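Colleague: Hello! Could you walk me through this structure, one step at a time?

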Amino acid sequence: MEFWFSEMHTNNVKISIRVNRQLFGAQSDFQRIDVFDSPEFGLFLTSDGSIIFSEKDEFTYDEMIVHVPMAVHPNVRRVLVIGGGDGGVARELSYYDEIEAIDVVEPDKMFVDVCREFFPDNAKGLDDPRVTVYYQDGLRFLRTKQDAYDLIINDSTDPLGHTAGLFTKEFYGSCYKALHDDGIMVYQHGSPFYDEDEEPCRAMHRKAFRSFPISRVYQAHIPTCAAGYWLFGFASKKYHPLIDLDAARWNRRGIKTWYYTTNLHMGAFMLPKYVEDLLIEEEKN
């Protein structure tokens with residue numbers, strides 16, 4: 001008998017992945033967490049029935065949300081990761097010797113424990129001595145911070161449910177206050193391909209554009225995301241993601257990547273026309 005995991009992307013579209021077996025399933029205080037083993041994507045983790053990441057494609061997301069801002073900002077010392085309980089973002093940050101402190105704020109301890117057990121290559125990022133994990137609500141944590149970080153990475157999963165507060169106008173304003181005068185915030189921006197996902201993308205750009213003097217959007221191909229197409233937001237007080245990219249400096253680091261390159265960095269900000277139009281409309285409103 002075949003066993004398939006299916007996730008509804010819209011009322012008319014679903015993605016199905018053949019699985020060998022289910023390795024874990026439980027309800028935490030925040031979400032339903034399941035881990036499956038599949039022949040195509042290896043192990044993958046779901047939250048409330050939606051795929052969060054898989055062994056085969058997580059590198060794309062983690063590399064793009066970390067190395068893009070790190071190739072732009074010349075002096076990152078303190079980083080805040082909102083969410084990030086799987087450790088993948090912390091793992092990518094750990095390659096930068098100049099970083100002094102990485103604060104990871106993840107409300108769901110079960111999520112962290114499950115990732116430590118089933119995804120050790122990601123979770124090893126949390127073992128870096130510069131990492132401190134806070135089991136708290138991200139927005140509540142941010143409210144106590146001012147002029148504290150060079151980089152904030154919003155690695156939360158979804159603008160609904162227990163992470164909804166991380167996509168509000170207050171959240172973007174709190175990030176602005178928590179950053180130094182030359183700070184950068186990056187965040188997952190979703191996919192605007194399906195009609196029902198377009199409004200959340202519009203709302204996120206609208207809030208970031210009104211909160212930061214520099215606000216740009218970039219893209220990546222991630223097969224397990226909706227439509228296989230994912231956007232990220234880059235919001236900055238000072239640095240432009242293309243003008244201030246120091247490709248030579250980043251390449252000298254010799255960081256091994258599977259997706260990110262400084263050439264790709266440039267191209268990732270060259271968006272399809274329908275996405276450009278969507279963003280421009282929100283900037284004019």
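Modeller: Gladly. Let us begin with a term: a residue is called buried when its relative accessible area is under 20%, and exposed when that area is over 50%. Please keep in mind that this is a predicted model.

Colleague: With that term in hand, how many of the residues of strand β5 are buried?

Modeller: Strand β5 covers residues 42-47. The strand is mostly covered, and the count of its buried residues is six of six.

Colleague: Which residue of β5 stands opposite Asp-37?

Modeller: Start with the strand on one side of β5, which is β4, residues 32-38. β4 and β5 pair in the antiparallel sense, with six bridges, and a hairpin of three residues leads from β4 to β5. In this pairing, the residue of β5 facing Asp-37 is Leu-43.

Colleague: And how many bridges join β5 to strand β6?

Modeller: Strand β6 takes in residues 50-54 and runs antiparallel to β5. One facing pair is Thr-46 with Ile-51 in β6. The number of bridges joining β5 to β6 is four.

Colleague: Where is Asp-48, and is it buried or exposed?

Modeller: Asp-48 sits in the loop between β5 and β6, in a hairpin with two residues between the strands. Asp-48 is not a glycine, yet its phi is positive, at about 50°. Its relative accessibility is 51%, and the cut-off for exposed is over 50%, so Asp-48 counts as exposed.

Colleague: Asp-147 also has a positive phi of about 50°. Is Asp-147 buried, exposed or partly exposed?

Modeller: Asp-147, again not a glycine, lies in the loop between α5 (138-142) and β10 (149-155). Its relative accessible area is 45%. That value falls between the cut-offs of 20% and 50%, so Asp-147 is partly exposed.

Colleague: Going back to β4, which residue of β4 stands opposite Ala-26?

Modeller: Here the partner strand is β3, residues 21-27, which pairs with β4 in the antiparallel sense over six bridges. β3 and β4 form a hairpin, with four residues between them. Opposite Ala-26, the residue in β4 is Ile-33.

Colleague: Now the interior. Which element gives the largest share of the largest nonpolar core?

Modeller: As a general point, nonpolar side chains tend to be buried together in soluble globular proteins. The largest nonpolar core here has 39 residues, and those touching the most other members are Leu-93, Leu-151, Tyr-218 and Phe-232. Among the elements giving two or more residues to this core are α1 (58-70), α2 (88-93) and β10. The largest share, six residues, comes from α1.

Colleague: How many residues are in the other core that lies apart from it?

Modeller: That other core includes Ile-82, Leu-139, Tyr-149 and Ala-235. Its number of residues is 20.

Colleague: Why does Val-89 count as buried?

Modeller: Val-89 is found in helix α2. Leaving aside neighbours within four places in sequence, Val-89 is in contact with Asp-62, Ile-65, Val-66, Val-81, Ile-153 and Asp-155. Val-89 counts as buried because its relative accessibility is 0%.

Colleague: How far apart are the C-alpha atoms of Val-89 and Val-104?

Modeller: Along the chain, Val-89 and Val-104 are 15 residues apart. In space, their C-alpha atoms are separated by 9.4 Å.

Colleague: What about Arg-249: is it buried or exposed?

Modeller: Arg-249 belongs to helix α8, residues 247-252. Apart from neighbours within four places in sequence, Arg-249 is in contact with Met-70, Ala-71, Val-72, His-73 and Pro-74. Its relative accessibility is 16%, and the cut-off is under 20%, so Arg-249 counts as buried.

Colleague: Last, the second largest pocket. Which element gives the most to its lining?

Modeller: This pocket has a volume of about 220 Å³. Two elements, β12 (214-221) and α10 (273-284), give two or more residues to its lining. With four residues, the element giving the most is α10.

Colleague: And how many residues of that lining are charged?

Modeller: Residues lining the second largest pocket include His-205, Arg-216, Phe-269, Glu-276 and Glu-283. By type, the lining divides into six nonpolar and three polar residues, and the number of charged ones is three.

Conventions. Residues are numbered from 1 along each chain as its sequence is written. This is a predicted model: local features need pLDDT of at least 70, side-chain atom pairs count only at pLDDT 80 or more; totals for chains, interfaces and linings use all residues. Side-chain values use heavy atoms; hydrogens and water are left out. Buried means under 20% relative accessible area, exposed over 50%, partly exposed in between (1.4 Å probe, protein chains only). Two strands pair if DSSP finds at least two bridges between them. On a 1 Å grid over the protein atoms alone, a cavity is a set of points where a 1.4 Å probe fits but cannot get out, and a pocket is an open set with protein on both sides within 12 Å along at least five of seven lines; lining residues have an atom within 4 Å of a point. Grid points are joined across faces, edges and corners, and a volume is the space filled by probe spheres set on the points. Ala, Val, Leu, Ile, Met, Phe, Trp, Tyr, Cys and Pro count as nonpolar, Asp, Glu, Lys and Arg as charged, and the others, Gly among them, as polar. A nonpolar core is a set of buried Ala, Val, Leu, Ile, Met, Phe, Trp, Tyr and Cys residues joined through side-chain atoms within 4.5 Å. Contact means heavy atoms within 4.5 Å.
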